[in-house]
Amino acid sequence: MLTPQTRALVKATAPVLKTHGVALTRHFYARMFDHNPELKHIFNQAHQAGGQQQHALAGAVTAYAEHIDDPSVLMPVVTRIVHKHVSLGIRPEHYAIVGKHLLASIREVLGEAATDELIDAWGAAYGQLADLLIAEESRLYAESAGKPGGWTGWRAFRVVGKQAESAEITSFYLAPSDGGTVPGYQPGQYVSVRVYVPELGLMQPRQYSLSDAPGHDRLRISVKREPAGVETPAGRVSNALHDRLEEGGVLDVAPPQGDFHLKEGSDAPVVLLSGGVGLTPMVSILNHLVSNNDTRQIRFVHGCRNRSVHAMKEHVNRIAAERDNVRKSVFYEEISHGDEPGRDYDHAGRLDLRAIRDEVIVPGADYYLCGPAPFMLAQREALLALGVGSDRIYAEAFGSGGAPA
């Protein structure tokens with residue numbers, strides 16, 4: 001347990017971290033990769049270059065300092081971090097490395113303000129947090145290894161199928177190269193995959209949602225090709241998968257993880273809200289419910305730019321046509337010649353829950369959101385405005401997701 005004096009010292013640094021946290025984490029990552037370059041294989045270097053991981057870690061460190069008196073407030077964030085760490089193969093020995101460079105960075109960035117007493121306090125606080133994370137990660141590793149077909153670390157999977165789902169999204173069907181089975185997982189979870197990126201000279205991991213129901217002899221991920229932006233390069237891993245990974249190819253895969261999934265033990269109606277490639281975990285949930293002949297009310301609501309990027313359209317349309325308890329609503333931002341209402345889309349414009357209030361406001365329903373951060377924020381605010389309780393809203397954001405690794 002931390003002493004009152006230690007907690008007070010750590011908490012007192014929160015205002016400084018709010019102002020200088022990103023400078024600290026930027027220094028930390030640079031220092032760590034300089035002294036331990038082998039860790040570059042674990043960390044997403046695109047998020048490093050774009051600054052997402054530095055901001056995510058700064059936010060996490062600041063939040064920990066602010067809530068040092070009651071860290072249980074942060075358990076939802078801790079849970080998400082733990083799942084991410086296990087999917088990346090973070091092990092107990094990594095914490096000593098991170099701690100060493102984090103404390104050194106605090107001293108080097110804060111200068112004279114980083115007294116020995118303060119460094120000792122942060123060392124104790126970091127040790128407490130590391131022990132918590134290690135214990136939770138150990139539990140998840142044991143759980144992953146103990147499942148039928150389960151494993152920990154990286155396992156070679158062979159591509160047994162590749163299917164274009166839209167102009168941007170391609171599905172990869174993956175079966176264990178060792179001929180073994182795959183474990184069950186919660187619909188909505190993801191796996192990490194890693195590929196060699198020649199431009200970086202590194203193996204690079206990425207997380208992709210499992211886009212089919214559990215219970216098959218293979219896994220399916222559906223990957224969006226990330227194009228170059230005005231200030232960002234094209235996604236190296238997504239483009240490598242699209243361009244170089246063909247049937248028969250082999251890919252390293254980590255076991256399924258993630259705290260975003262269909263709520264267990266509930267028979268509440270389900271409303272699935274997605275934007276763009278955020279539909280992938282929603283299709284997993286939908287397929288799971290359908291394959292189990294679930295009779296609860298299901299709403300599948302999706303927004304995308306236009307027909308060319310609308311993935312899995314026929315599949316969802318077929319389910320909605322065959323199942324009386326499933327209704328779908330699709331929004332296109334751009335309507336093209338030949339687009340047919342009811343077949344291609346149902347509503348023009350950006351996804352607007354107010355326009356379909358009678359369809360999506362289902363008494364007692366659970367709401368699942370996935371898509372880009374602005375989309376997620378807008379839909380959450382819309383649901384709250386429509387009277388949905390925050391305890392009924394579950395969200396998954398792609399990207400660093402607040403996790404420092």
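## Exercises on rings, charges, a helix and cysteines

At 0% relative accessibility, Cys 370 counts as buried, where buried means under 20% relative accessible area, exposed over 50% and partly exposed in between, with a 1.4 Å probe and protein chains only. The model is predicted, so local features need pLDDT of at least 70 and side-chain atom pairs count only at pLDDT 80 or more, while totals for chains, interfaces and linings use all residues. Residues are numbered from 1 along each chain as its sequence is written, and side-chain values use heavy atoms, with hydrogens and water left out.

**Exercise 1.** Determine whether Cys 304 and Cys 370 take part in a disulfide, a pair of cysteine sulfur atoms within 2.5 Å.

*Solution.* Under this rule the count of disulfides is zero. For Cys 304, the nearest cysteine sulfur is that of Cys 370, 14 Å away, and Cys 304 is in no disulfide. Cys 370 is likewise in no disulfide, its nearest cysteine sulfur being that of Cys 304. Cys 304 is buried, with a relative accessible area of 5%.

**Exercise 2.** Classify the aromatic pairs that Phe 33 forms with Tyr 29 and with Phe 43.

*Solution.* Rings of Phe, Tyr and Trp (its six-membered ring) pair if their centres lie within 6.5 Å, and planes under 30 degrees apart count as stacked, over 60 as edge-to-face and the rest as tilted. A search of the whole structure finds nine aromatic pairs. The ring centres of Tyr 29 and Phe 33 are 6.0 Å apart with planes at 25°, so this pair is stacked. Both residues belong to helix H2 (residues 14–35), and being four residues apart they are separated by about one helical turn; helices here are DSSP runs (H or I, at least four residues), numbered from the N terminus. Tyr 29 is buried at 1% relative accessible area, and Phe 33 is buried at 9%. Phe 33 and Phe 43 form an edge-to-face pair, at 5.5 Å centre to centre and 75° between the planes. That pair links distant parts of the chain, since Phe 43 lies in the loop between H2 and helix H3 (45–50), ten residues from Phe 33. Phe 28, Tyr 29, Phe 33 and Phe 43 form one aromatic cluster.

**Exercise 3.** Find the ring over which the charged end of Arg 91 sits, given that NZ of Lys or CZ of Arg must be within 6 Å of the ring centre and within 35 degrees of the ring normal.

*Solution.* The ring is that of Tyr 141, with the charged end of Arg 91 at 3.9 Å from its centre. Arg 155 lies over the face of Trp 151, at 4.9 Å from the ring centre.

Notes: Helix = DSSP H or I, 4+ residues; strand = E, 2+ residues; numbered from the N terminus. Disulfide = S-S within 2.5 Å.
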